[in-house]
Amino acid sequence: MDLSEEFWNNKYRNNKTGWDLGAVSTPLKTYFDQLTNKDLKILIPGGGNSYEAEYLFKKGFTNVFVIDIAEEAIENIKKRLPNFPEENLIHNNFFNLKESYDLIIEQTFFCALNPDLRSDYTKKMNELLNENGKLVGLLFDAELNFDHPPFGGGKKEYVKLFQPYFDIQKMSDCYNSSKGREGMELFINVLKKHSKLS
C-alpha cells in the first residue's frame, strides 16, 4: 500500500481530497469556541489544508502548529494564510516529531494512516503530549476501506488502542457532525496517561 509523501502530494495536486470539508468541522469549531487559554501549544497532525489551524489562528491562538508529510498541503496553507508563522508549518513525518504540546487535534489523520500504525500512533501521541495534555477530535465509527484511506473502525477497537496510553474522558457518538458524516463519527477527548515507573 503506497501512502508515501508522493501519494499525498498527488492527492493535493489533482484535487482528490474528498476528506477536505473546505472549512473547520462543526464539532471541532464547537470545541475550540469553549477554549479560553490562547497560549495553549496546539498540534494538528496530518493537517492537510488545515482550516482548523486557520480558525484557531484567527481567534488569537498564537501557538498552533501543523505537521504534514505532503509539502503541497503545507504550501497551500502558506498561500492561504500568509500571516501564519511559517516556522509553525512543519513538513515532516508525524512519527519524527520530538516537540511536546498541550493539545493535539485529531481530524482525519488517524484514518489516513496505514492501520498497522495505529498502536504506534497512540504511543506517539502520548509521547508528544505534556503532562495533563489532551488529544481531542474525531474518529470514524464506520467500516470504510481496507486497501486505501480513509480506513474506518469502531469504538471497541479504539478503546483497546487508546487505553494503554490515555484516560478516556469521552469517546461517544458525535451529535453535531458536519454534513455527510452524520452517524459515522465518534468525538474523542482523551487525557495523557503517565507510565508507571517500576
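**Entry 1: overall numbers**

I started with the surface: the protein exposes about 10000 Å², and carbon and sulfur atoms supply 47% of that area. Accessible areas here are Shrake-Rupley values with a 1.4 Å probe, and for residues only the protein chains shown count as cover. Note to self: this is a predicted model, where local features need pLDDT of at least 70 and side-chain atom pairs count only at pLDDT 80 or more, while totals for chains, interfaces and linings use all residues. Residues are numbered from 1 along each chain as its sequence is written, and side-chain values use heavy atoms, with hydrogens and water left out.

Next I looked up burial. Of the 198 residues in the protein, 49% are buried (under 20% relative accessible area; exposed is over 50%, partly exposed in between; 1.4 Å probe, protein chains only). I also checked contacts, meaning heavy atoms within 4.5 Å. Among those with a separation of 6 or more, 67% link residues 24 or more positions apart.

**Entry 2: the sheet**

I count six helices and seven strands, taken as DSSP runs (helices H or I, at least four residues; strands E, at least two) and numbered from the N terminus. Along the sequence they read α-α-β-α-β-α-β-β-α-β-α-β-β.

How are the seven strands ordered in the sheet? I get β3-β2-β1-β4-β5-β7-β6, an open sheet with mixed pairing; two strands pair if DSSP finds at least two bridges between them. β3 (89–91) and β6 (166–173) are at the edges with a single partner strand each, so each has one side without a neighbour in the sheet. On average, neighbouring strands are turned by 15° against each other, direction ignored.

I zoomed in on β1 (residues 42–45) and β4 (residues 101–107): they run parallel and are joined by two bridges. Leu 43 sits opposite Ile 104 in β4.

**Entry 3: helices on the sheet**

For angles I use axes fitted to C-alpha atoms, for helices over the stretch in contact, from 0 to 180 degrees between N-to-C directions. α3 (residues 51–58) lies across β1, β2 (64–68) and β4, at about 160° to β1. α5 lies across β1, β4, β5 (129–140), β6 and β7 (185–192), at about 140° to β5.

**Entry 4: Asn 126**

I picked one residue of α5 (residues 118–128), Asn 126. Is Asn 126 buried or exposed? Its relative accessibility is 11%, so Asn 126 counts as buried. A polar atom of the Asn 126 side chain is 2.8 Å from the backbone oxygen of Tyr 165. Beyond neighbours within four places in sequence, Asn 126 is in contact with Tyr 165, Phe 166, Lys 192 and Lys 193.

Technical notes: Polar contact = N/O pair within 3.5 Å; in protein donor to acceptor, adjacent residues only side chain to side chain.
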